[in-house]
Amino acid sequence: LGQSEEAMKHYETSLKIRENTLPTTHVSIGESHQCLGCLHYNQQRWNKAVDSFSKAREIYKHAYGPKHN
């Protein structure tokens with residue numbers, strides 16, 4: 001596997017672990033989605049990137065409030 005694919009595998013594993021052990025709105029789950037979004041973006045997988053970033057945004061909005069930048 002290339003570095004991006006290897007990173008994707010690790011981020012997906014991390015996300016699964018976090019989803020199984022943390023509340024669904026925990027910031028760490030948002031961080032995993034954000035990292036996956038960056039990888040998808042860098043690989044020009046635009047729809048997957050938007051999906052991951054949107055999930056992260058919703059978690060951050062819940063954790064920090066809608067006006068947090």
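This is a dialogue between a learner and a teacher about reading the features of one predicted model.

Me: Let us begin with a single helix: how many residues does helix H2 have, and how far does it reach from its first C-alpha to its last?

Reply: Because this is a predicted model, what follows describes the model as it was computed. Helix H2 runs over residues 27–42, which gives it 16 residues, and it reaches 23 Å from the first C-alpha to the last, close to the 22 Å expected at 1.5 Å a residue. Just after H2, Gln44 takes a positive phi of about 60°.

Me: Which residues of H2 are buried, and what do they pack against?

Reply: The buried residues of H2 include Val27, Ser28, Ile29 and Gly30 near the start of the list, and also Ser32, His33, Leu36, Gly37, Leu39 and His40. These buried residues pack against two other helices, namely H1 (3–21) and H3 (46–64).

Me: Could you take one residue of H2 as an example, and tell me whether Ser32 is buried or exposed?

Reply: Ser32, which has its place in helix H2, has a relative accessible area of 2%, and it is therefore buried, since buried means under 20%. When its neighbours within four places in sequence are left aside, Ser32 is in contact with Ser14, Leu15 and Arg18.

Me: Which residues make up the largest nonpolar core?

Reply: The general idea is that, in soluble globular proteins, nonpolar side chains tend to be buried together. In this model the largest nonpolar core has six residues in all, and they are Met8, Leu15, Ile29, Leu36, Leu39 and Ile59. Helices H1 and H2 each supply at least two residues of this core, and H2 gives the most, with three residues.

Me: One member of that core is Ile59; which residues does Ile59 touch, not counting residues up to four places away in sequence?

Reply: With those sequence neighbours not counted, Ile59 touches Thr24, Thr25 and His26, and it also touches Val27, Ile29, Gly30 and His33. Of these, Val27, Ile29, Gly30 and His33 are among the buried residues of H2.

Me: Turning to charged side chains, how many salt bridges does a search of the whole structure find?

Reply: The idea is to look for a side-chain nitrogen of Lys or Arg within 4 Å of a carboxyl oxygen of Asp or Glu, and a search of the whole structure finds four such salt bridges. One of them joins Glu6 to Lys9, with the closest N and O atoms 3.7 Å apart. Because Glu6 and Lys9 are three residues apart in helix H1, about one helical turn separates them. Glu6 counts as partly exposed at 27% relative accessibility, and Lys9 is also partly exposed, with a relative accessible area of 42%.

Me: Where do Lys55 and Asp51 lie, and how exposed is each of them?

Reply: Lys55 and Asp51 both lie in helix H3, where they are four residues apart, or about one turn of the helix, and their side chains meet in a salt bridge of 3.4 Å from N to O. Lys55 is partly exposed, having a relative accessible area of 39%, and Asp51 is partly exposed as well, at 40%.

Me: Which residues are joined into one network by salt bridges that share partners?

Reply: It helps to start from a single pair, in which Lys61 forms a salt bridge with Glu58, the closest N and O atoms being 3.4 Å apart. Since Lys61 and Glu58 are three residues apart in helix H3, they are separated by about one helical turn. Salt bridges that share partners then join Arg57, Glu58 and Lys61 into one network.

Me: My last topic is the aromatic rings: how many aromatic pairs are counted?

Reply: In general, a pair of aromatic rings is described by the distance of the centres and the angle of the planes. In this model the count comes to two aromatic pairs. Tyr41 and Trp46 form an edge-to-face pair, at 5.3 Å centre to centre and with 70° between the planes. The rings of Tyr60 and Tyr64 have centres 6.3 Å apart and planes at 35°, so this pair is tilted. Tyr60 and Tyr64 are four residues apart in helix H3, which means that about one helical turn separates them.

Key:
Residues are numbered from 1 along each chain as its sequence is written. This is a predicted model: local features need pLDDT of at least 70, side-chain atom pairs count only at pLDDT 80 or more; totals for chains, interfaces and linings use all residues. Side-chain values use heavy atoms; hydrogens and water are left out. The expected span of a helix is 1.5 Å times one less than its number of residues. Buried means under 20% relative accessible area, exposed over 50%, partly exposed in between (1.4 Å probe, protein chains only). Contact means heavy atoms within 4.5 Å. Rings of Phe, Tyr and Trp (its six-membered ring) pair if their centres lie within 6.5 Å; planes under 30 degrees apart count as stacked, over 60 as edge-to-face and the rest as tilted. A nonpolar core is a set of buried Ala, Val, Leu, Ile, Met, Phe, Trp, Tyr and Cys residues joined through side-chain atoms within 4.5 Å.
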